[in-house]
Amino acid sequence: MPQDDRRTLSYVPDPEQVRGSVDRRGASGYSDPTFETEDYVASQRLLSLRYAANFEILVVPQGVKKKNGLKGTVRDISSTGLRMELPAENAKLAVGTPLKSKFRLPEGVMPEGFEAGVNLEAEVVRTFTEEQDGRVRHMVALKFVKPLTEYFQRKRWGYSIYAASILLFAVSLFILLMRTESIIYYEYKAVLYTYSIVAALFLLTRYLFGALYRNVPVNPDYTPGVSIIIPCFNEADWIKRTILSCINQNYPVDKLEVIVVDDRSTDNSVEKIREVIELVHQEAERYATRDRLSYTVLERNAGKREALVKGVELAKHDLVVFVDSDSFLEPNAIRHLVQPFQNPKMGGVAGRTDVENKYTNTITKLQTVRYYVAFRIMKAAESWFDCVTCLSGPLSCYRKELILKHKDAWLNQKFLGRPATFGDDRSMTNFILQTHQTGYQDNAICSTIVPSDTGVFLKQQMRWKRSWLRESLRAGGFIWKKEPLMALFFYVGLIVPIAAPVVVVYNLIYVPIVHGLFPGTFLIGLLLMATLMSLAHLFFRKSRLWLFGFVFCIFYEFVLLWQMPVAWVTFWKSTWGTRETPQDIEAREKKEARKSRGRRFGLPF
């Protein structure tokens, strides 16, 4: 995780030009012409960000044998250098000493893709001591002869891209050859082979259009007014970081405001909100933070939709951005997110959501791969047709007028007579899509906290499947009016996952039992699909987490897939599953009442 900056608003453009040209985080001032080159800014920021660390390092001064090298502990690191602590008896390195640094970057210290061994020449640029907890620490600062980004590009990243490219082509070709076999034997199992061919073509075309996707480039003269709305309910652990990431944007001061709406939290979220807002207000008057950062508390616990609508009603700008209270924006997220709105037909845009706590355990690691592919491939493919079917809650932007137009229908939405209390992002997207286009910006990035507990994760997935079914049925009524190829993809994408459990039962249970055949072809097909997902992650992220794409696919086939039949018969349910809404409380009370009646009659429930 990056070290905290001593300045709360280190990325906010300085209207009075008090700061220097380029700050230590690598982002230049708004008026700096180099800012207009987004790749330059991104590279400079990656070079200068420092990350807290605690791992071993071996440094071998020039002319010294490896066995006589000095062992120390790295305390922070960046792409260009590091600071390490040496034992007092070894702290004798002079400034200017050339040496070889050898260490292995543990996962989670630096961004995804950096977790690997390093054997790189460096130079001592500073030696000093500092006192911590009553102990004097002898510190040495090193500067690498080449940035870690360049080192990994030559040592590992380049090979990852080449290998992934070749394997992606080979896997795609093999899948097509297998589907050709399905055509040859089509007359024997027409329904099964139809599904097989359609599913394979659907998936491959998703990857094709995802690969063709390109971000809308930044127009430095296009900076429309933006109001960020953060709905909060019992998020005391994360709300401070969320607010800071939203107000600390490299965006014109007079064009950005942040409004936090608390939905009557029962923890100390309101105190945390008040604390961080007071901190930001004290930062500097020239950033006009008192006019740009505010909060309100709803009179009653009314739900996320009510909180979002309240924020929109308070917003003073024409574009509104919804950010979940456990999501954290990159400094240039808003600048990238608004670019597609140069098209007057664009009604809403989603940013990319990465997993913040990716290295917690296996559950978070497999979600990391799934999230990336879902956004960079699936949403990107939909964006090719200006028809993204879900503007995800962690980071999405809308025209304010459209939210206000649909607010009553959104707030009072019912399905089969029951209030719709989740799937608010898909629901609003459906309202927008009826009259406007929707898009995706891959370089508008936020990160979010995902479930690390298997039980919570499964409840979240069930809730998502129910909302997906409900809102997909709604969208099916009008999506045919969109671009014909996109409409075809939508209906195929609706049928394939719904039918998947039946197909799996037929291939893995019915065929082996009735016909005595091993389902080798079917299992190979699943393996190829998993390989496609994993290699896509390797190609774009160059990370060792790509292997968890296989884990996710196995987990999906044997666990998550079987939530779909349950969702078929319960998709009207309104209980949240992972937090208490009024509907959850009602369902819990009914369940407790049934148990109480059962105990009175001696029943085992």
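These exercises work through one sheet, one helix pair and one arginine.

The model is predicted: local features need pLDDT of at least 70, side-chain atom pairs count only at pLDDT 80 or more, and totals for chains, interfaces and linings use all residues. Residues are numbered from 1 along each chain as its sequence is written, and side-chain values use heavy atoms, without hydrogens and water.

**Exercise 1. Lay out the open sheet of eight strands and find its edges.**

Solution.
- Start with the terms. Helices (H or I, at least four residues) and strands (E, at least two) are DSSP runs, numbered from the N terminus. Two strands pair if DSSP finds at least two bridges between them.
- Read the order: S9-S8-S7-S10-S13-S12-S16-S11, with mixed pairing.
- Now the edges. S9 (293–297) and S11 (327–329) each have a single partner strand, so one side of each lacks a neighbour in the sheet.
- Add the twist. Neighbouring strands are turned by 30 degrees against each other on average, direction ignored.

**Exercise 2. Place strand S10 (residues 319–323) among its partners, and decide whether its residues are buried or exposed.**

Solution.
- Take S7 (residues 226–232). Four bridges join it to S10, and the two run parallel. Ile228 stands opposite Val321.
- Take S13 (residues 395–399). Its pairing with S10 is antiparallel, over five bridges. Here Val320 stands opposite Tyr398.
- Check burial. Buried means under 20% relative accessible area, exposed over 50%, partly exposed in between (1.4 Å probe, protein chains only). Five of the five residues of S10 are buried.
- Sort by face. In a regular strand the side chains alternate between the two faces of the sheet. Leu319, Val321 and Val323 lie on one side of S10, Val320 and Phe322 on the other, and both faces are covered.

**Exercise 3. Describe how helices H7 (residues 304–314) and H10 (residues 400–411) pack.**

Solution.
- Two packed helices are described by the angle between their axes and the distance between the axes. Axes are lines fitted to C-alpha atoms, for helices over the stretch in contact; angles run from 0 to 180 degrees between N-to-C directions.
- For H7 and H10 the angle is about 145 degrees, with the axes 10 Å apart.
- List the contact (heavy atoms within 4.5 Å). H7 gives Arg305, Glu306, Leu308, Val309, Val312 and Glu313; H10 gives Lys400, Ile403, Leu404, Lys407, Trp410 and Leu411.

**Exercise 4. Which residues does Arg426 contact, beyond its neighbours within four places in sequence?**

Solution.
- Locate Arg426: helix H11 (residues 424–433).
- Its contacts are Thr389, Cys390, Ser467, Trp468 and Glu471.
- Compare sequence with space. Arg426 and Ser392 are 34 residues apart in sequence and 7.4 Å apart, C-alpha to C-alpha.
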